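Hi everyone, thanks for coming. Today I'd like to walk you through one protein model, piece by piece. Have a look at the picture first, and then we'll start.

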Amino acid sequence: MEKKVKVVIGDRLGKGQNIAKGVEAAGGIAVLIPGVGADMKVGDVMHAENADFGLSFCGSGGAGALTAKNKYGYPVEYGLRSVEAGISALRNGSRVIGFGFMDTEELGRRLTEAYIKLNRG
């Protein structure tokens with residue numbers, strides 16, 4: 001049995017429930033960090049959970065992603081504002097992707113599907 005894709009989600013305002021639904025709809029496991037300031041914990045939770053990739057959401061789309069890069073060396077892209085930009089970031093090898101606020105099922109579903117396609121054929 002193939003291991004499911006594990007995606008960590010951290011949102012500065014404690015949201016991300018819709019993204020998690022999309023990850024799960026695509027067959028992945030969503031690890032939703034609870035509470036305000038969750039974006040700053042994405043790298044820590046990815047490391048602890050041995051996650052495949054992480055999604056960080058705040059106003060600028062950079063704080064949590066850059067914290068994960070600085071602390072764990074994860075390749076990142078940040079400041080993104082569209083699903084397509086997130087898919088491109090995965091194609092470019094990013095493990096943590098920073099977005100402005102975008103709590104949508106489509107984002108979680110399409111990024112998880114793209115990750116599976118890129119890494120598991």
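**A walk through the sheet and its helices**

Let's begin with a pair of strands: strand 1 and strand 2 run parallel and are joined by 4 bridges. One place to find this pairing on your screen is Lys6, which sits opposite Ile29 in strand 2. Before going further, please keep in mind that this is a predicted model.

If the word "pairing" is new to you, here is the background. Strands of a sheet pair through backbone hydrogen bonds, and they can do so in a parallel or an antiparallel way.

Now stay with strand 1, residues 6-11. How many of its residues are buried? The answer is 6 of the 6, so strand 1 is largely enclosed by the rest of the structure. You can check this face by face: Lys6, Val8 and Gly10 are buried on one side, and Val7, Ile9 and Asp11 are buried on the other. Both faces of strand 1 are covered, then.

Let's step back to the whole sheet. It is an open sheet of 5 strands, in the order 2-1-3-5-4, and the pairing is parallel. Which strands stand at the edges? They are strand 2 (29-32) and strand 4 (76-80); each has a single partner strand, so one side of each has no neighbour in the sheet. On average, neighbouring strands here are turned by 20 degrees against each other, ignoring direction.

At the strand 4 edge, the partner is strand 5, residues 96-99, and 3 bridges join these two parallel strands. To find the spot, look for Glu77, which stands opposite Ile97 in strand 5. A helix joins the picture here too: helix 3 packs on the sheet and touches strand 3 (53-57), strand 4 and strand 5. The direction of helix 3 makes about 170 degrees with that of strand 4.

Next, let's zoom in on a single residue of the sheet. Ser56 belongs to strand 3. Is Ser56 buried or exposed? With a relative accessible area of 0%, under the 20% cut-off, Ser56 is buried. Setting aside residues up to four places away in sequence, Ser56 touches Gly10, Asp39, Val42, Gly64, Ala65, Ile97, Gly98 and Phe99. You have met Gly10 already as one of the buried residues of strand 1, and Ile97 as the residue opposite Glu77.

Moving along the chain, the loop between strand 3 and helix 3 holds Cys58. Cys58 is buried, with a relative accessible area of 4%. Beyond its neighbours within four places in sequence, Cys58 is in contact with Arg12, Asp39, Ala63, Phe99, Gly100 and Phe101.

One of those contacts, Ala63, lies in helix 3. Ala63 has 26% relative accessibility and so counts as partly exposed. Not counting residues up to four places away in sequence, Ala63 touches Arg12, Asp39, Met40 and Cys58. Here's a distance you can try on your screen: the C-alpha atoms of Ala63 and Tyr78 are separated by 8.5 Å, with the two residues 15 apart along the chain.

Let's turn to how helices meet. Two packed helices are described by the angle between their axes and the distance between the axes. The axes of helix 2 (residues 42-49) and helix 3 (residues 63-72) come within 7 Å and cross at roughly 55 degrees. Helix 2 and helix 3 are therefore oblique to each other. Gly43, Asp44 and His47 of helix 2 make this contact with Ala68, Lys71 and Tyr72 of helix 3. Sorted by class, that gives 2 nonpolar, 2 polar and 2 charged residues.

There's another helix pair to look at. Helix 1 (residues 17-25) and helix 5 (residues 105-120) pack at an angle of about 35 degrees, and their axes are 6 Å apart. Their crossing is right-handed. On the helix 1 side, the contact is made by Asn18, Ile19, Lys21, Gly22 and Val23; on the helix 5 side, by Glu105, Leu107, Gly108, Arg109 and Thr112. By class, this contact has 3 nonpolar, 4 polar and 3 charged residues.

I'll finish with a backbone detail. Most residues other than glycine have a negative phi. Asn50, in the loop between helix 2 and strand 3, has a positive phi, near 50 degrees. Asn50 counts as exposed, at 59% relative accessibility.

Thanks for listening!

Key
Residues are numbered from 1 along each chain as its sequence is written. This is a predicted model: local features need pLDDT of at least 70, side-chain atom pairs count only at pLDDT 80 or more; totals for chains, interfaces and linings use all residues. Side-chain values use heavy atoms; hydrogens and water are left out. Axes are lines fitted to C-alpha atoms, for helices over the stretch in contact, and angles run from 0 to 180 degrees between N-to-C directions. Angles under 35 degrees count as roughly parallel, over 145 as roughly antiparallel, 65 to 115 as roughly perpendicular and the rest as oblique. Contact means heavy atoms within 4.5 Å. Ala, Val, Leu, Ile, Met, Phe, Trp, Tyr, Cys and Pro count as nonpolar, Asp, Glu, Lys and Arg as charged, and the others, Gly among them, as polar. Two strands pair if DSSP finds at least two bridges between them. Buried means under 20% relative accessible area, exposed over 50%, partly exposed in between (1.4 Å probe, protein chains only). A crossing is left-handed if the near helix is turned anticlockwise from the far one by less than a right angle, and right-handed if clockwise.
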